[in-house]
Amino acid sequence: MDRKEAKKQEEAIRKQKLELSRCVNVVGRTTEGKKLLRWIKNYSGYGKTSMVLNPETQEINQVGVVYNEARKDVYYALRSYFDSDVLRAIEFKEENDV
């Protein structure tokens with residue numbers, strides 16, 4: 001890939017990220033969107049430990065840890081697009097404060 005193609009590809013990625021950010025923030029400013037994004041946050045395990053222990057041996061279950069981290073990664077990816085007001089509304093306000 002030459003420089004021109006690389007620059008064109010970078011520009012396309014930048015535009016895609018801007019559009020995704022706009023979409024996530026439009027959704028995150030609605031009552032229904034806040035509920036949905038909070039559900040995704042909670043379901044992903046965000047803010048919780050990823051550690052999983054074998055109940056019999058008390059050893060770390062590495063597959064479980066990787067699985068939990070992969071679940072969290074979905075919310076981390078979404079979270080990176082939130083504007084600060086949306087982030088505060090999703091993560092720092094009570095669910096009934098929608």
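Select valine 27 first, and you will be in helix α1, which spans residues 3-28; helices here are DSSP runs of H or I with at least four residues, strands are runs of E with at least two, and both are numbered from the N terminus. What you have open is a predicted model, in which local features need pLDDT of at least 70 and side-chain atom pairs count only at pLDDT 80 or more, while totals for chains, interfaces and linings use all residues. Residues are numbered from 1 along each chain as its sequence is written, and side-chain values use heavy atoms, with hydrogens and water left out.

Before moving on, colour the model by pLDDT, the predictor's confidence in each residue on a scale from 0 to 100. The chain has a mean pLDDT of 92, with 95% of its residues at 70 or more.

**The nonpolar patch**

Stay with valine 27, which is partly exposed at a relative accessible area of 37%; buried means under 20%, exposed means over 50%, and partly exposed lies in between, with a 1.4 Å probe and protein chains only as cover. Now add Leu36, Trp39 and Tyr43 to the selection, since together with Val27 these residues make a nonpolar surface patch of about 430 Å². Such patches are made of residues with over 30% relative accessible area and no salt bridge, nonpolar side chains (Val, Leu, Ile, Met, Phe, Trp, Tyr) being joined within 5 Å and like charges within 9 Å, and the areas come from the Shrake-Rupley method with a 1.4 Å probe. Helix α2, residues 31-44, provides the largest share of the patch, with 3 residues.

**Salt bridges**

Next, return to helix α1 and select arginine 22 with glutamate 19, which form a salt bridge whose closest N and O atoms are 2.9 Å apart. The term is used for a side-chain nitrogen of Lys or Arg within 4 Å of a carboxyl oxygen of Asp or Glu, and the count by this rule comes to 6. Arginine 22 and glutamate 19 are 3 residues apart in α1, so about one helical turn separates them. Arginine 22 is partly exposed at 46% relative accessibility, and glutamate 19 is likewise partly exposed, at 39%.

Then select arginine 29 and aspartate 83, whose side chains meet in a salt bridge at 3.0 Å, N to O. This pair links distant parts of the chain, 54 residues apart, with arginine 29 in the loop between α1 and α2 and aspartate 83 in the loop between α3 and α4. Arginine 29 has a relative accessible area of 43% and is partly exposed, as is aspartate 83 with 34%. Add Asp85 to the selection to see a network of salt bridges that links Arg29, Asp83 and Asp85.

**Serine 50 and helix α3**

Move to serine 50, in the loop between α2 and α3, which counts as buried at 7% relative accessibility. Apart from neighbours within four places in sequence, serine 50 is in contact, meaning heavy atoms within 4.5 Å, with Gly64, Val65, Asn68, Glu69 and Lys72. Two of these contacts deserve a closer look, because lysine 72 and glutamate 69 form a salt bridge of their own, with closest N and O atoms 3.8 Å apart. Both lie in helix α3, 3 residues apart, about one turn of the helix. Lysine 72 counts as buried at 6% relative accessibility, whereas glutamate 69 is partly exposed at 37%.

Glutamine 58 lies in the loop between α2 and α3 (62-79), and its phi is near 65 degrees, a positive value in a residue other than glycine. Most residues other than glycine have a negative phi.

**Helix α4 and the core**

Finally, select helix α4, residues 84-91, whose buried residues are Val86, Leu87, Ala89, Ile90 and Glu91. These buried residues pack against α1, α2 and α3.

The largest nonpolar core has 9 residues: Val24, Leu37, Ile40, Tyr75, Tyr81, Phe82, Val86, Leu87 and Ile90. Such a core is a set of buried Ala, Val, Leu, Ile, Met, Phe, Trp, Tyr and Cys residues joined through side-chain atoms within 4.5 Å. The elements giving two or more residues to this core are α2 and α4, and α4 gives the most, with 3 residues.

For a last stop, select lysine 35, which is found in helix α2 and is exposed, with a relative accessible area of 52%. The C-alpha atoms of lysine 35 and isoleucine 90 are separated by 8.1 Å, although these residues are 55 apart along the chain.
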